[in-house]
Amino acid sequence: VNILHLDSSPQGLASVTREVAQATVTQLLAANSTAIVSYRDLAAEPIAHLGGALLLALRQPKGFPVNADLANDLALTESLIVEFLAADVVVIGAPMYNFSIPTQLKAWIDRIAQVGRTFRYTEVGPMGLADGKKVIVISSRGGAYAGLPMESALDHQEAYLRVLMGFLGVTDIEVIRAENVGHSEAARAKAIAGALEQVAAR
Ligand SMILES: Cc1cc2nc3c(=O)[nH]c(=O)nc-3n(C[C@H](O)[C@H](O)[C@H](O)COP(=O)(O)O)c2cc1C
């Protein structure tokens, strides 16, 4: 079993998603001691946003001549795609930032969502190519959204990750959630405990 563990919170030890994602991976390893974990800290080692030269190069046939910087950028993109496709389980630490996800995580998504690699177009519409894996989204929010009337209007974090992973062909998506963490110290502790219980119960 290959586990891909991604953190995107820049808040280090103060991060809720980092704590809960780590607990999730620890639990996955306890259930499968031969599992291999690939770890990426998208905050500590940020992936550059897509640039024009890279987008152009991605559309060229393999072996198209490029300079050294672009070759490195292409190699990084390729390694991120290969790593994602090889994972059986992907654990994604995904805070809500401004109703959406941190730019650090979006930069990773913009690299792995590549036509011909993780999805393709068919006569009947787009088709995901990253099927057969499980994605576990570790969600944390300052406020509360789940099950509330405004959820669909305000949540562009969990809902977005579901849409995106679905588009790439992932049908098995689980969300482990801590919310209301910004309300008070007590609410935060309760939310973390609840998320850790959700991990233990899986
Ligand atoms: C830049 C920034 C934007 C945020 N935007 C939202 C938001 O739109 N809605 C919300 O409920 N909480 C928001 N929060 C609170 C975070 O979702 C919450 O603190 C979460 O625990 C952050 O994840 P982390 O603890 O793993 O860093 C925001 C926090 C930061 C730092």
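User: Which residues of helix 4 are buried?

Analyst: In this predicted model, where local features need pLDDT of at least 70, side-chain atom pairs count only at pLDDT 80 or more, and totals for chains, interfaces and linings use all residues, they are Gln104, Leu105, Ala107, Trp108, Ile109, Arg111 and Ile112. Residues are numbered from 1 along each chain as its sequence is written, and side-chain values use heavy atoms, with hydrogens and water left out. Buried means under 20% relative accessible area, exposed over 50%, and partly exposed in between (1.4 Å probe, protein chains only). Helices (H or I, at least four residues) and strands (E, at least two) are DSSP runs, numbered from the N terminus.

User: Why is helix 4 called largely enclosed?

Analyst: Seven of its ten residues are buried, so the rest of the structure largely encloses helix 4. The partners of those buried residues are strand 1, helix 2 (52-58), helix 3, strand 3 and helix 6, where contact means heavy atoms within 4.5 Å.

User: What makes up the largest nonpolar core?

Analyst: There are 27 residues in it, and those with the most contacts inside it are Phe84, Val90, Ile92, Leu105, Trp108, Met165 and Leu168. To belong to a nonpolar core, a residue must be a buried Ala, Val, Leu, Ile, Met, Phe, Trp, Tyr or Cys, joined to the set through side-chain atoms within 4.5 Å. Two or more residues each come from strand 1 (2-7), helix 3 (68-86), strand 3 (89-95), helix 4 (103-112), strand 6 (134-140), helix 6 (158-167) and strand 7 (172-178). Helix 4 is the biggest contributor, giving five residues. Not counting residues up to four places away in sequence, Trp108 touches Leu4, Leu6, Leu42, Ile47, Leu80, Phe84, Ile92 and Met165. There is also a second, separate core of 18 residues, with Val25, Ala35, Ile136 and Ala178 among them.

User: Glu83 is a charged residue. Why does Glu83 count as buried?

Analyst: Its relative accessibility is 19%, so Glu83 falls under the limit for that class. Glu83 sits in helix 3, and leaving out residues up to four places away in sequence, Glu83 touches Leu4, Ser38 and Arg40.

User: What makes the link between Glu83 and Arg40 a polar contact?

Analyst: The term asks for a pair of N or O atoms within 3.5 Å; within protein, one must be able to donate a hydrogen and the other to accept it, and residues adjacent in sequence count only if both atoms are side-chain atoms. The side chains of Glu83 and Arg40 are joined at 2.5 Å, so the pair fits within that distance.

User: Now to the ligand. Which residues come nearest to the ligand?

Analyst: Those are Ser9, Ser15, Thr17, Met96 and Ser140, out of 16 residues around the ligand; a residue is near if one of its heavy atoms lies within 4 Å. The shell divides into seven nonpolar, eight polar and one charged.

User: How do you know that the ligand has polar partners at Ser15, Phe99 and Ser140?

Analyst: An N or O atom in the side chain of Ser15 is 2.6 Å from a ligand oxygen atom. For Phe99, a polar backbone atom lies 2.8 Å from an oxygen atom of the ligand. With Ser140, a polar side-chain atom is 2.6 Å from a ligand oxygen. Of the 630 Å² of accessible area that the ligand has on its own, the protein covers 77%, by the Shrake-Rupley method with a 1.4 Å probe.

User: What makes phi of Phe99 worth a look?

Analyst: Phi is near 70° there, a positive value in a residue other than glycine. Most residues other than glycine have a negative phi. Phe99 is in the loop between strand 3 and helix 4, and at 40% relative accessible area, Phe99 is partly exposed. Asn180 also has a phi near 70°; its place is the loop between strand 7 and helix 7 (185-200).

User: Why is Gly142 called partly exposed?

Analyst: Its relative accessibility is 41%, so Gly142 lies between the two cut-offs. Gly142 is in the loop between strand 6 and helix 5. Gly142 and Gly182 are 40 residues apart in sequence, yet 4.0 Å apart in space, C-alpha to C-alpha. Setting aside residues up to four places away in sequence, Gly142 touches Asn180, Val181, Gly182 and His183.
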